[in-house]
Amino acid sequence: MSLSSPFNVFASSSYTPKPKTFLRDSKLLSRSQQLNSYSFPLASTFQTNEPSKNLRLKPVSSLETATSSSSSSSNFRNKSPSEINILVVGSTGYIGRFVVQELVKRGFNVIAVAREKSGVRGKNDKEATLKQLQGANVCFSDVTDLASLERSVESLNLGIDVVVSCLASRNGGIKDSWKIDYEATKNSLLAGKKFGAKHFVLLSAICVQKPLLEFQRAKLKFEAELMSLSEEKDSTFTYSIVRPTAFFKSLGGQVDIVKDGKPYVMFGDGKLCACKPISEEDLASFIADCVLEEDKINKVLPIGGPGKALTPLEQGEILFRILGREPKFLKVPIEIMDFVIGVLDGVAKVFPGVAEAAEFGKIGRYYAAESMLILDPETGEYSEEKTPSYGKDTLEDFFEKVVREGMAGQELGEQFF
């Protein structure tokens with residue numbers, strides 16, 4: 001797909017729901033029947049967990065027609081949650097599955113898009129995915145293929161009110177970033193809007209405010225196009241862009257190492273950067289707030305967890321305190337990373353395939369030195385005070401849990417679908 005394909009598709013290919021029609025649902029399939037029904041090529045498999053009110057769709061000739069004739073969709077905030085259809089992409093990723101759970105808990109009608117093989121390295125089959133996304137209606141499709149995704153959404157016979165995107169590239173590599181953080185995310189916007197969506201909630205990242213990496217540039221390109229759509233092309237369409245700070249999981253990788261008696265590794269003096277980490281449950285709650293709360297419409301929303309910002313040094317001290325041990329740190333000069341990245345960049349000029357490895361090195365270097373806090377444009381410094389806090393879960397609570405239970409189920413690196 002072209003990375004610069006324009007948004008003019010909105011002007012020529014839109015759909016709008018007919019006035020609401022209440023249909024009698026067919027009998028729910030048994031689990032074995034569900035699995036046997038997955039034979040339709042390129043179409044979704046749509047499991048209904050609860051009775052729903054289906055909206056038939058009809059094509060319209062232009063965006064203007066869609067805007068004027070879909071008042072029920074544009075006024076979705078006046079509906080009860082059970083009448084609001086939310087399409088969630090990235091539903092089986094690290095944050096996505098918590099977002100699905102939170103939306104279901106709040107009573108929304110959730111349609112979770114997932115691959116037939118989801119999770120880290122595709123380890124989850126359809127049965128496991130249905131169990132993981134219990135309470136939601138699961139639509140198996142491919143967000144990297146716009147035509148396939150549109151056919152899948154159309155086959156649901158449901159009008160879409162809101163799209164929530166939790167898509168993220170698996171590893172931040174150059175190719176994967178543009179394929180997922182830009183193209184697949186844009187596909188979800190195009191498909192959702194074609195079938196009536198009037199609001200888009202985007203899970204982005206606070207680090208895009210200082211874009212030095214390819215995945216940050218890909219995310220920013222989509223953010224800009226999303227804002228342009230709302231502000232310049234369709235004023236009835238709204239967005240909420242959520243930029244969280246660090247996740248708990250990304251800070252828990254050294255727990256087992258320290259438990260085994262090894263030192264806590266940090267770059268420089270351990271004070272090069274800081275963050276206000278947020279738990280997956282708290283972040284999912286904030287994202288769910290963005291569906292209906294009007295003070296979050298058409299805004300970029302940086303968000304961190306409760307409490308003060310923590311440096312790597314302070315994170316290590318918390319961990320040693322929980323373990324009841326004297327702190328023992330290994331301080332690594334960050335210049336080592338600069339040297340490695342310089343070598344890889346040089347080799348990449350001769351062997352382009354090495355560019356991905358160089359990018360991974362740059363990602364590590366970025367997170368070792370840059371704070372996950374709001375960057376104050378006036379001072380050029382990161383500001384703890386200007387970084388909003390949300391939720392109740394603390395990093396210390398998370399460390400205590402990991403010390404007791406380990407990091408099982410805490411895998412990062414596969415937020416793709």
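# Briefing: a buried aspartate, a kinked helix and two cores

Outside its own stretch of sequence (four places either way), D393 touches F248, S279, E281, D282 and P306. This is a predicted model. The points below cover D393, helix α8, the nonpolar cores and strand β10.

**D393 and its surroundings**

- D393 sits in a loop, with β14 (382–383) on one side and α15 (395–405) on the other.
- Its relative accessible area is 18%. The cut-off for buried is under 20%, so D393 counts as buried.
- One of the residues that D393 touches is S279. The two side chains make a polar contact at 2.7 Å.

**Helix α8**

- Helix α8 covers residues 174–194, which is 21 residues.
- From first C-alpha to last, α8 reaches 29 Å. That is close to the 30 Å expected at 1.5 Å a residue.
- The helix has a kink of about 25°, and E183 is at its centre.
- Of the 21 residues in α8, 18 are buried, so the rest of the structure largely encloses this helix.
- G196 follows α8 and has a positive phi, near 110°.

**Nonpolar cores**

- The largest nonpolar core has 36 residues. Within it, I86, L103, V164, L283 and I287 touch the most other members.
- Several strands give two or more residues to this core: β4 (85–89), β5 (109–114), β6 (137–140), β7 (162–165), β8 (199–203) and β11 (299–303). Helices α5 (96–105) and α11 (280–292) do so too.
- The top contributor is α11, with seven residues.
- L103 is in contact with I86, V88, F108, V110, A288 and V291, leaving aside neighbours within four places in sequence.
- Another core lies apart from this one and has 30 residues. Its members include V113, V143, V153 and L202.

**Strand β10**

- In a regular strand, side chains alternate between the two faces of the sheet.
- Strand β10 spans residues 264–267. Y264 and M266 form its covered face. V265 and F267 form the uncovered one.
- β10 pairs with strand β12 (residues 329–332) in the parallel sense, over four bridges.
- Y264 has F329 of β12 as its bridge partner.

**Questions to check against the structure**

- Which side chain makes a polar contact with the side chain of D393? It is that of S279.
- Where is the kink in α8 centred? It is centred on E183.
- Which element gives the most to the largest nonpolar core? It is α11.

Definitions and conventions
Residues numbered from 1 in each chain as written. Predicted model: local features only at pLDDT ≥ 70, side-chain atom pairs only at ≥ 80, totals over all residues. Heavy atoms only, no water. Buried < 20%, exposed > 50% of the residue type's maximum accessible area, 1.4 Å probe, protein only. Pairing = 2+ DSSP bridges. Polar contact = N/O pair within 3.5 Å; in protein donor to acceptor, adjacent residues only side chain to side chain. Contact = heavy atoms within 4.5 Å. Expected span 1.5 Å × (residues − 1). Bend = angle between axes of the 7 residues up to and from the residue. Core = buried A, V, L, I, M, F, W, Y, C linked by side-chain atoms within 4.5 Å.
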